[in-house]
Amino acid sequence: MRWTLVVPLKPLALAKSRLSAAAGDGLRPGLALAFAQDTVAAALACTAVRDVAVVTDDALAGRELSRLGARIVADSPRAGLNAALAHGASVVRAERPASAVAALNADLPALRPRELARVLERAAEFPRAFLPDAAAVGTTLLASAGGVELRPVFGTDSRTRHRDSGAVELALDAVDSVRRDVDTGEDLRAALALGVGPRTAAVAARLLIPEQ
């Protein structure tokens, strides 16, 4: 099974507000873009991935991610993260109804293609499955097999919400890069320790990340 990944990305000026202490408004949009670029590049290098659809209305992000090989889908619902993901999945399946689709966070700058492949290969065993984030509170990936509705419920405590929705929680070790999303300076330090992609590394070199 090869997957289409749907990656949501809000306008860069609004993205990653919790990183303001580390990046400030001058660097924060560039850091959010770097996260997305490294995430998409790693996803496209994964053998289990057929293609990547990025749902965004940000013109700069759309141009840069398109250059990497991503398909850009306009966020026409403009009704938040879950609506954007449902819309992205519907656009993909309008063309390929049997596609296996997975929602993937755009802030996984340490993502490793082999680790992503392990997660997707396990997810293929279930109609719907999800991977909790490193904090074991949120979700970094939600997968649905061909013909199965994605039904994303990202947001506060999405680990519990996805489990309550009937999705199977994937219990895998050695997939830290797929679980390490970045919302705070502490998260960024953890991602840097794992080893981030080149675009994030270049922007992060300009930051002073405060202790928390």
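In this predicted model, the largest nonpolar core holds 39 residues, and the members that touch the most other members of that core are Trp-3, Leu-5, Val-52, Leu-104, Leu-116, Leu-120 and Leu-141. Several helices and strands contribute to this core, with at least two residues each from the strands β1 (3-8), β2 (49-55), β4 (100-104), β5 (128-132) and β6 (139-144), and likewise at least two each from the helices α1 (20-44), α2 (59-68) and α4 (113-123). The largest share belongs to α1, which supplies 6 residues of the core.

One of the core residues, Leu-104, can serve as an entry point to this part of the structure. Leaving aside residues up to four places away in sequence, Leu-104 touches Leu-5, Val-6, Val-7 and Pro-8, together with Thr-39, Ala-43, Leu-111, Leu-116, Thr-140 and Leu-141. There is also a second core, separate from the one described above, which has 16 residues and includes Val-6, Val-91, Leu-150 and Phe-154.

From these cores the description can widen to the whole chain. The secondary structure of the protein amounts to 8 helices and 7 strands, and its C-alpha atoms fill a box of roughly 45 × 35 × 30 Å when the principal axes are used as directions. For 212 residues, a compact globule would be expected to have a radius of gyration near 17 Å, and the value of 16 Å found for the protein agrees with that expectation. Of the 212 residues, 53% are buried, while the protein exposes about 9100 Å², of which carbon and sulfur atoms supply 52%.

The contacts and the charges add to this overall picture. Among contacts with a separation of 6 or more, 66% are between residues 24 or more positions apart. The protein carries 26 positive and 24 negative charges, and the mean positions of these two groups are 3 Å apart.

Four individual residues are set out below with their places in the chain and their relative accessible areas.

| Residue | Place | Relative accessible area |
|---|---|---|
| His-87 | helix α3 (residues 81-95) | 18%, buried |
| Arg-151 | loop between β6 and α5 (158-164) | 39%, partly exposed |
| Asp-157 | loop between β6 and α5 | 35%, partly exposed |
| Arg-206 | segment after α8 (198-204) | 59%, exposed |

His-87 counts as buried because its relative accessible area of 18% falls under the 20% cut-off. When residues up to four places away in sequence are left out, His-87 touches Val-73, Ala-74, Ser-76 and Pro-77.

The loop between β6 and α5 contains Arg-151 and also Asp-157. In Arg-151, phi is near 50°, a positive value in a residue other than glycine, and in Asp-157, phi is near 55°, again a positive value in a residue other than glycine. Arg-151 is partly exposed at 39% relative accessibility, and Asp-157 is partly exposed with a relative accessible area of 35%.

Arg-206, in the segment after α8, is exposed because its relative accessible area of 59% is over the 50% cut-off. Although Arg-206 and Leu-27 are 179 residues apart along the chain, their C-alpha atoms are separated by 8.6 Å.

Technical notes:
Residues numbered from 1 in each chain as written. Predicted model: local features only at pLDDT ≥ 70, side-chain atom pairs only at ≥ 80, totals over all residues. Heavy atoms only, no water. Helix = DSSP H or I, 4+ residues; strand = E, 2+ residues; numbered from the N terminus. Rg over C-alpha atoms; globule rule 2.2 N^0.38 Å. Buried < 20%, exposed > 50% of the residue type's maximum accessible area, 1.4 Å probe, protein only. Contact = heavy atoms within 4.5 Å. Areas by Shrake-Rupley, 256 points an atom, 1.4 Å probe, with all protein chains shown as cover. Lys, Arg positive; Asp, Glu negative; His and termini not counted. Charge placed at Lys NZ, Arg CZ, Asp CG, Glu CD. Core = buried A, V, L, I, M, F, W, Y, C linked by side-chain atoms within 4.5 Å.
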